[in-house]
Amino acid sequence: MTQITALPSRRLVLAALAALGAGAVAAPRTASARQAADLARVDALIGRMTIQEKAGQLNLLGDPFRFRPLNVNPLDGQGDPARVTQMIRDGTVGNLFNGVGAEAGRRIQTIAVEESRLGIPLLFAADIIHGLKTVFPVPLAEAAAFDADLARRTARAAGLEGAASAIHQTYAPMVDVARDQRWGRVVEGAGEDVYLNNVLAAARVRGFQGEKGLADRDALLATPKHFAAYSAAIGGMEYNTTDMSEATLRGVFLPPFKAAFDAGALSTMSAFNDLNGVPASGNHWLLTEILRDEWGFEGFVVSDYTSENELIAHGFAADGRDAARIALLAGVDMSMVSGLYLEHIPDLVDKGDVPMARVDQAVRRVLLTKAALGLFDDPYRGCDPRRERAVVGSREHRDLAREAGVKSIVLLKNEGGVLPLKTSGQKIALIGPFGDDVANIFGPWTIWGDESRRISLEAGFREAMADGGDLMVVKGCEVEAPLAGGIEAATLAAARADVVVLALGETANMSGEAQSRTQIDIPEAQRALAEAVAATGKPVVVLLRNGRAMELSGVVKDAEAIVVTWFLGGEMGHAVADVVFGKASPSGRLPVSFPHRSGQQPYSYDHKTTGRPADNSLASQEYVARYRETTNTALYPFGHGLTYGAATYGPATLSAATLDWDGSVEVSVAVTNTGERAIVETVQLYIHDRVASLTQPGRRLRDFRKVALAPGESRTVTFTLARAQLEFVGAADRPAVEPGLFDVWLTSSAQAGEPATLTLGRPAG
């Protein structure tokens with residue numbers, strides 16, 4: 001085997017990558033002589049590589065050794081382990097994805113390190129979206145916790161399990177801001193608000209990558225995706241085109257990526273969509289001019305699954321060779337699955353259509369990232385089965401999954417205090433297709449979850465109740481179809497019960513990739529079941545299982561209590577029971593607005609007022625910005641969520657009426673728990689620029705804070721507000737802030753509270 005001298009530390013890698021221009025090979029000026037020597041070793045290695053080996057380092061295939069479902073892919077023949085083994089020996093594949101397992105990882109890595117000409121280790125990647133064996137709440141659910149530290153901790157746990165299973169990189173977090181709830185992949189992100197997305201993007205990157213640097217054995221390289229504007233697909237239809245102003249792109253869809261890169265992410269994934277006519281995976285302006293030249297991004301770009309090949313279907317490339325040329329020159333460094341780079345780079349370079357310098361640049365980015373991960377020093381990191389057994393699925397991680405589930409649950413409504421339920425002396429009818437269901441508790445994008453540790457609602461309820469005989473469980477209907485005799489059995493159980501709990505909503509495969517919906521409502525069969533059960537006159541609690549905001553109607557909307565339970569992962573049954581039976585007070589807040597009607601989409605709380613704003617208390621208004629059927633509001637707005645106490649807010653107060661240009665003011669509010677149970681309240685800071693050179697949203701979230709309140713306790717919550725928090729994307733498509741009047745809210749949701757008035761002063765001189 002060819003020995004490779006230890007390559008650069010992460011500090012050198014960051015400095016070196018920042019210095020890389022198109023084909024630049026010189027060490028950065030600030031690098032030490034040792035760092036320059038280390039970088040020179042990388043370039044010396046590149047200098048020894050054939051063009052086929054260089055293309056191989058940019059070639060990413062599905063792992064045929066550890067994850068066989070991908071074997072059906074017809075594009076690259078990756079289902080043949082013998083073929084891929086030979087490719088590894090030949091140096092024509094440098095990266096594999098979606099295979100896990102320490103022991104097998106060592107066997108595969110041995111082929112690369114011991115049997116290939118140059119001994120370059122493989123990079124193993126995987127779709128670890130919300131857990132490996134231990135499955136945590138889907139990202140949208142976890143966003144409802146409004147808790148950056150929780151997001152960091154669950155990502156850290158997922159990172160530990162992945163790193164112990166011979167994985168080096170995860171294709172997460174998804175940081176696409178989701179304004180249209182018809183889009184299926186809302187479930188993978190942090191919802192509709194830019195600020196919340198920024199906070200959680202950074203937290204998740206830090207969680208995956210850890211605090212000790214990427215070379216640490218427990219680190220997992222984060223890959224923010226999908227760059228960029230993927231979630232703005234027209235009509236909410238998956239893979240559809242996007243079309244928007246640069247101001248909207250920069251003000252809404254790019255900031256979470258920047259937050260993730262600032263947190264240390266060294267890879268990103270290009271998107272499927274086209275943006276204003278140019279596909280993202282062939283978009284030089286996005287992938288080079290903004291990402292590299294403007295932001296100084298230091299890592300590598302990997303295409304989404306065959307997205308560079310899809311330039312042909314977009315009508316942007318003539319054939320595979322043309323697609324490879326366009327993507328590579330645009331800034332895509334690594335080709336996922338399509339095999340186009342391996343097939344066409346040698347000829348593209350030979351014919352002069354792609355400079356060798358650009359190929360070397362891409363290879364250098366990949367190799368330096370492998371070095372940052374410590375793979376040249378320890379190619380077998382994560383390949384210890386003993387550590388894998390100790391870390392993966394640990395009790396600590398399961399406890400964290402339960403904690404995260406509890407904190408993710410949102411109580412929308414609780415008329416008459418029907419919740420919490422009693423653990424004894426109350427007969428409960430648990431009705432609906434999700435009562436005893438375990439198949440749908442993980443949610444979408446769960447590949448390796450431990451199915452032996454899936455806690456159903458029924459199991460969680462029975463464990464929480466003193467007498468399991470007080471619980472009746474009836475399915476009633478299928479998710480999207482009636483069940484013979486189902487309604488009759490359900491109404492009989494309801495008649496015998498003191499309270500009915502309806503477990504309704506979506507299956508896991510109704511959310512996620514390629515699961516856009518024209519109507520984001522409860523399927524008809526479930527609505528019919530709900531109507532029949534409610535006719536018994538018993539109090540109704542609705543438990544929603546969902547991966548997006550939903551339209552609620554009829555009995556579901558009118559139920560005494562409504563609880564958003566999302567897809568909470570393996571500990572779902574326990575987490576829901578903890579809240580429903582009062583072991584914990586609900587503390588989640590909506591990261592997405594629940595509309596009155598599906599037809600309001602796309603909808604977000606931070607829409608503009610327009611020149612004809614509606615007074616939403618007057619439904620009969622005409623010639624204003626509203627639909628005939630409903631007001632221009634949400635049924636349940638962003639930030640909404642109840643507790644088992646009662647939080648009351650005083651007026652927002654300012655330490656000064658004027659914010660000096662380079663100064664700050666304190667904004668405070670007194671919050672009191674007037675209820676009889678301890679609560680955790682999420683105080684939210686919103687602002688509105690009354691007059692600006694570009695029209696502004698009605699409100700924008702700028703900060704939030706969670707505060708614990710005992711019964712009867714009152715606390716003053718204070719935020720510091722500075723000029724930077726008043727910025728917007730201005731006429732030059734760059735951050736701008738203008739003196740003038742601002743409204744400032746400290747409140748419980750995007751539709752609550754009365755504002756204070758703040759004046760931003762002019763700059764001195």
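## Asking how we know

Mentor: This is a predicted model, and over residues 1–31 pLDDT stays under 50, although the model has 71 contacts beyond four places in sequence for them.

Trainee: What makes you wary of residues 1–31?

Mentor: pLDDT is the predictor's confidence on a scale from 0 to 100, and that stretch stays under 50. Where pLDDT is low, the predicted coordinates should not be read in detail. Treat residues 69–77 likewise: pLDDT stays under 50 there too, with 18 contacts beyond four places in sequence.

Trainee: And what is the mean pLDDT of the protein chain?

Mentor: The mean is 93, and 93% of the residues reach 70 or more.

Trainee: Okay, on to helix α10. Why is α10 said to be largely enclosed by the rest of the structure?

Mentor: Buried means under 20% relative accessible area. Six of the eight residues of α10 (255–262) are buried, so the helix counts as largely enclosed. The six are P255, P256, F257, A259, A260 and F261.

Trainee: What do those buried residues of α10 pack against?

Mentor: Three helices and a strand, namely α8 (194–209), α9 (246–253), α11 (284–294) and β5 (267–270). Just after α10 comes G264, with a positive phi of about 115°.

Trainee: Now the sheet with six strands. What is its strand order?

Mentor: The order is β10-β15-β14-β13-β11-β12, the sheet is open, and the pairing is mixed.

Trainee: Why are β10 and β12 called edge strands?

Mentor: Count partners: β10 (410–414) and β12 (471–474) each have a single partner strand, so one side of each has no neighbour in the sheet. On average, neighbouring strands here are turned by 15° against each other, direction ignored.

Trainee: How do you know that β11 and β13 pair?

Mentor: Pairing takes at least two bridges, and four join β11 (428–431) to β13 (499–505), running parallel. In that pair I428 sits opposite V499.

Trainee: Which helices lie across β11, β12 and β13?

Mentor: Helix α17 (457–464) lies across those strands and β14 (540–545), at about 175° to β12. Helix α18 (486–496) lies across β11, β12 and β13, at about 165° to β12.

Trainee: What about the sheet of five strands?

Mentor: That one is open and mixed as well, ordered β20-β28-β27-β22-β23. Its edges are β20 (658–659) and β23 (700–709), each with a single partner, so one side of each lacks a neighbour in the sheet.

Trainee: What makes β20 and β28 a pair?

Mentor: The cut-off is at least two bridges, and two join β20 to β28 (756–760), so by that definition they pair. The strands run parallel, and L659 stands opposite L760.

Notes: Residues numbered from 1 in each chain as written. Predicted model: local features only at pLDDT ≥ 70, side-chain atom pairs only at ≥ 80, totals over all residues. Heavy atoms only, no water. Contact = heavy atoms within 4.5 Å. Buried < 20%, exposed > 50% of the residue type's maximum accessible area, 1.4 Å probe, protein only. Axes fitted to C-alpha atoms, helices over the stretch in contact; angles between N-to-C directions.
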